Amino acid sequence: MGLFSRKSDAAETTTAAPTADLAHLTGEYTIDPTHSEVGFSVRHAMVTTVRGQFAEYEGKLSLDGAKPANSSAEVSIKVVSVDTNQAQRDEHLRTGDFFDVATYPEISFRSTSAEQVDDETYRMHGDLTIKGTTKPVSIDFTYNGSATDPYGNLRVGFEGSTTVNRGDWGLTYNAALEGGGVLISDKVKLTFDISAIKAA
């Protein structure tokens, strides 16, 4: 069942199940970083995949349960918190070869529009800023449901991903391999596993 249900051809038949009313999900939400993950993965040395995440970030969602086009999102990430489970690599990522944390301490995403793709998928279009360069991206999200936690908070969950070319944001560091190919793929998959709490 999608977050923003829309009428399908099947809904016009007498045997179709009624559409759930999800209007109660409309509202302002804060992303809970202790129960969320903002990550990435990239091919390394042509043979394996390195995965990482950012430990420090904040964000907010504005959801419209009836009109998904009215929904929006903002996320700000502290780049210094990058973690690939290897300290030397993380330090290299913080240097000018990659993110240049001293000059550009944050990565940001700000949505510009939203749409419903199908009953379970929603597409968020927006501007991604890395190292002072802003480029448009589109991220497909799956709505995982909502629940009231033991503290009385209404939570919603989403999973999303998109693939970008890191060179578009000036992340061009690489090295040639002796047998051909390069050390780091240009393509990077960004992943988002989001739990957000509705404002009281």
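**Exercise 1. Two aromatic pairs**

Both Phe 40 and Phe 54 are buried in this predicted model. Work out how the rings of Phe 40 and Phe 54 are arranged, and then treat Phe 141 and Phe 192 in the same way.

*Solution.* Start with what has to be known: a pair of aromatic rings is described by the distance of the centres and the angle of the planes.

Step 1. The structure holds six aromatic pairs. For Phe 40 and Phe 54, the ring centres are 5.6 Å apart and the planes stand at 45 degrees, so this pair is tilted.

Step 2. Now place the pair in the chain. Phe 40 belongs to strand S2 and Phe 54 to strand S3; with their positions 14 residues apart, they link distant parts of the chain.

Step 3. Turn to Phe 141 and Phe 192. Their ring centres lie 6.1 Å apart with the planes at 50 degrees, so this pair is tilted as well. Phe 141 sits in strand S9 (residues 133-148) and Phe 192 in strand S11 (residues 184-198), 51 residues apart, and again distant parts of the chain are linked.

Step 4. Check the surroundings. Phe 141 and Phe 192 are buried, and ring pairs join them with Tyr 143 and Phe 158 into a cluster.

**Exercise 2. Charged partners**

Find which side chains meet Glu 74, Arg 123 and Arg 155 in salt bridges, and decide whether these three residues are buried or partly exposed.

*Solution.* Seven salt bridges turn up in the whole structure, and we need three of them here.

Step 1. Glu 74 meets Arg 110 in a salt bridge, with 2.8 Å from N to O. Glu 74 lies in strand S5 and Arg 110 in strand S7 (residues 106-116), so to speak two distant parts of the chain, 36 residues apart, are linked. The relative accessible area of Glu 74 is 28%, so Glu 74 is partly exposed.

Step 2. Arg 123 pairs with Asp 140, and their closest N and O atoms are 2.5 Å apart. Because Arg 123 is in strand S8 (residues 121-130) and Asp 140 in strand S9, the salt bridge ties together parts 17 residues apart in sequence. Arg 123 is partly exposed at 26%, and Asp 140 is partly exposed at 30% relative accessibility.

Step 3. Arg 155 forms a salt bridge with Asp 149, with 2.9 Å between the closest N and O atoms. Here the cut-off helps: buried means under 20% relative accessible area. Arg 155, at 17%, therefore counts as buried, and so does Asp 149 at 13%. Shared partners join Asp 32, Asp 149 and Arg 155 into one network of salt bridges.

**Exercise 3. Two loop residues**

Compare the settings of Ser 81 and Met 46: say where each lies in the chain and whether it is buried or partly exposed.

*Solution.*

Step 1. Ser 81 is in the loop between strand S5 (72-78) and strand S6 (82-83). With a relative accessible area of 9%, Ser 81 is buried.

Step 2. List the neighbours of Ser 81. Its side chain reaches the backbone oxygen of Lys 78 at 2.7 Å. Leaving aside residues up to four places away in sequence, Ser 81 touches Gln 53, Phe 54, Ala 55 and Glu 56. Phe 54 is already familiar from the tilted pair with Phe 40.

Step 3. Met 46 is in the loop between strand S2 (37-44) and strand S3 (48-54). Its relative accessible area is 49%, so Met 46 is partly exposed.

Step 4. Finish at the surface: Met 46 joins Val 47 and Val 182 in a nonpolar patch, and together they have about 280 Å² of accessible area.

Terms used: Residues numbered from 1 in each chain as written. Predicted model: local features only at pLDDT ≥ 70, side-chain atom pairs only at ≥ 80, totals over all residues. Heavy atoms only, no water. Helix = DSSP H or I, 4+ residues; strand = E, 2+ residues; numbered from the N terminus. Buried < 20%, exposed > 50% of the residue type's maximum accessible area, 1.4 Å probe, protein only. Polar contact = N/O pair within 3.5 Å; in protein donor to acceptor, adjacent residues only side chain to side chain. Contact = heavy atoms within 4.5 Å. Patch = residues over 30% accessible without salt bridge, like charges linked within 9 Å, V, L, I, M, F, W, Y side chains within 5 Å. Areas by Shrake-Rupley, 256 points an atom, 1.4 Å probe, with all protein chains shown as cover. Salt bridge = Lys/Arg side-chain N within 4 Å of Asp/Glu carboxyl O. Phe/Tyr/Trp six-rings, centres within 6.5 Å; stacked < 30°, edge-to-face > 60°.
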